[in-house]
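Morning, everyone. I have one structure for today, and I'll keep it short. Please have a look at it before I go on.

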Amino acid sequence: LKSSKVGFLGCGNMAQAMINGFVKSDLVPVENIIVSATSEASTNYKTCEKIGVQCTARNDDVVAVSEIVFVAVKPHLVRPVLSACTIPKNVVLISVAAGVKLDVLLEASGLTRVVRAMPNTGSSVQQGVTVYSYNETQLTAVQQAAIELLMASLGYSRYVPESMIAPVSAVSGSGIAFMFMALEAMADGAVKSGVPRAMAYELASQTMLGAATMVKETGQHPGALKDAVCSPGGSTIAGVHALEKAGFRSAMMDGVEAAFTRVKQLG
């Protein structure tokens, strides 16, 4: 991949997160990445210029020189953007647009080598979650290995059947925003209790990181890990009771379900 040209159609937040992850991983040299934006005056164009990648306002400039092209535009723009491009047949096309299925990508692009992926913004610090799917008969073993390397460089990655992309997107793609909300709420509670805000963010973020690491490394059920913190008559069980009364877990489940429903609508 060191010599491969990687392109992005669209350079919004998700594209920027992935670009930062690729560059930090040293998998794709920054000079080998080219992105397109709506105009040279756009904020995204200027941000990507600062990262050091090649920038253009023409999508055809991207597809003409890239071996791997990421489609990182809004879902409703995927069809018109791809239909308007003249894409070389050897390009591997990877869409990160929520809800857009493989058959739509095949039809709109005229290509046979297409991938549907859903990363999250944690990719920018190589702590992302990316799930992806493709028709294994259409990609060579070398191309499949290259896709696996690219996705793994952003953090946790996994190939899944296309039917799993939408529900998984609701957990990891949207869920990172839910984690930010929970972290912010914890920090606000700390500030209300007298903790300086900067310290509150540090404490809340490290606490969330520690909890996630414990779940991953111990293999224990989250409920068992929670119970181990709740001493009889203690402060933690009092806080858990307050969260239960407020519908904390139900609200989180509703959030995931609502995101899943919306992903299906976008497709």
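One definition before the charges: Lys and Arg count as positive and Asp and Glu as negative, while His and the chain ends are left out. With that counting, the protein has 21 positive and 20 negative side chains. The centres of the two sets lie 3 Å apart. Keep in mind that this is a predicted model.

Now the overall build. There are twelve helices and eight strands. Along the principal axes, the C-alpha atoms fill a box of roughly 65 × 35 × 30 Å. The protein has 267 residues, and 40% of them count as buried.

What about contacts along the chain? Take those with a separation of 6 or more: 61% of them join residues 24 or more positions apart.

Next, the surface. The protein exposes about 14,200 Å². Carbon and sulfur atoms supply 58% of that area.

On to a pocket. I picked the second largest pocket, with a volume of about 840 Å³. Which residues lie closest to its centre? They are Gly12, Met14, Ala72, Val73 and Lys74, out of 31 that line the pocket. Three helices give two or more residues each to the lining: H1 (13-25), H7 (165-173) and H12 (248-266). Which element gives the largest share of this lining? That is H1, with three residues.

That's the tour. To recap: twelve helices and eight strands, 21 positive and 20 negative side chains, and a second largest pocket with H1, H7 and H12 in its lining. Questions, please.

How values were computed: Residues numbered from 1 in each chain as written. Predicted model: local features only at pLDDT ≥ 70, side-chain atom pairs only at ≥ 80, totals over all residues. Heavy atoms only, no water. Helix = DSSP H or I, 4+ residues; strand = E, 2+ residues; numbered from the N terminus. Buried < 20%, exposed > 50% of the residue type's maximum accessible area, 1.4 Å probe, protein only. Contact = heavy atoms within 4.5 Å. Areas by Shrake-Rupley, 256 points an atom, 1.4 Å probe, with all protein chains shown as cover. Charge placed at Lys NZ, Arg CZ, Asp CG, Glu CD. 1 Å grid on protein atoms, 1.4 Å probe; cavity = no way out; pocket = protein on both sides within 12 Å on 5 of 7 lines; lining within 4 Å. Points joined across faces, edges and corners; volume = space filled by probe spheres on them.
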